[in-house]
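Hi,

Here is the model I promised to pass on. Have a look at it first, and my notes on the charged pairs follow underneath.

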Amino acid sequence: MNFAVTYLLTRFFYRIFDFFHHWYEDAVRVFNHWVINFYERLDQTFALRITLKYFFQPLYKDYTIVGRILGVVFRSGRIFLGLLVYSFFGIVFLGFYLLWLLIPPLILIYAIQGF
């Protein structure tokens, strides 16, 4: 009889630990992978790194003074817009991440207050 109670208690605490391991470690790894893939796809649209690399190059190889000025102006706008979009999604992902971290403690708090 003592063996059955010990086994059940051991499995109970193992499952609780396994839940938190899955919730916090495994899911965060999947979430980070998804966020990185999202930013890679977003970078295909905004090409922030490439735009910074060729910031002072003329747009469409137009080496006239107008081409050089327009290149800097358009690339500045593209950099600003890209940073704005990256920041927006960074804040959204951070909000989702914090919400994900807070769900189990909030459920425990509500369960304890309910009793």
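**Salt bridges, and one threonine**

The side chains of aspartate 18 and arginine 15 come together in a salt bridge, with 3.8 Å from N to O. Keep in mind that this is a predicted model. If you want to find the pair on screen, go to helix α1, which covers residues 2–46. Aspartate 18 and arginine 15 are 3 residues apart there, about one turn of the helix. Both ends of the bridge have some access to the outside: aspartate 18 is partly exposed at 29% relative accessibility, and arginine 15 is partly exposed too, at 49%.

How many salt bridges does a search of the whole structure find? The count is 3, so here are the others, given that the cut-off is a Lys or Arg side-chain nitrogen within 4 Å of an Asp or Glu carboxyl oxygen.

Arginine 29 is the residue to click on next. Its side chain meets that of glutamate 25 in a salt bridge, at 3.2 Å from N to O. Arginine 29 also bridges to the side chain of aspartate 26, and here the N to O value is 3.6 Å. Which residues does that link into a network of salt bridges? They are Glu25, Asp26 and Arg29.

The spacing along the chain is easy to follow. Arginine 29 and glutamate 25 both sit in helix α1, 4 residues apart, which is about one turn of the helix. Arginine 29 and aspartate 26 are in helix α1 as well, 3 residues apart, again about one turn.

Are the members of this network buried, exposed or something in between? Arginine 29 is partly exposed, with 49% relative accessibility. Glutamate 25 is partly exposed as well, at 40%, and aspartate 26 also counts as partly exposed, at 25%. Partly exposed runs between 20% and 50%, so the 25% of aspartate 26 falls inside that range.

As for the general idea, side chains of opposite charge can pair when their charged atoms come close.

One last residue, away from the salt bridges: threonine 51. You will find threonine 51 in helix α2, residues 48–53. Its relative accessible area is 7%, so threonine 51 counts as buried, the limit being under 20%. What does threonine 51 touch, leaving out residues up to four places away in sequence? Its contacts are Phe46, Arg75, Arg78 and Ile79.

Cheers

Terms used: Residues numbered from 1 in each chain as written. Predicted model: local features only at pLDDT ≥ 70, side-chain atom pairs only at ≥ 80, totals over all residues. Heavy atoms only, no water. Helix = DSSP H or I, 4+ residues; strand = E, 2+ residues; numbered from the N terminus. Buried < 20%, exposed > 50% of the residue type's maximum accessible area, 1.4 Å probe, protein only. Contact = heavy atoms within 4.5 Å.
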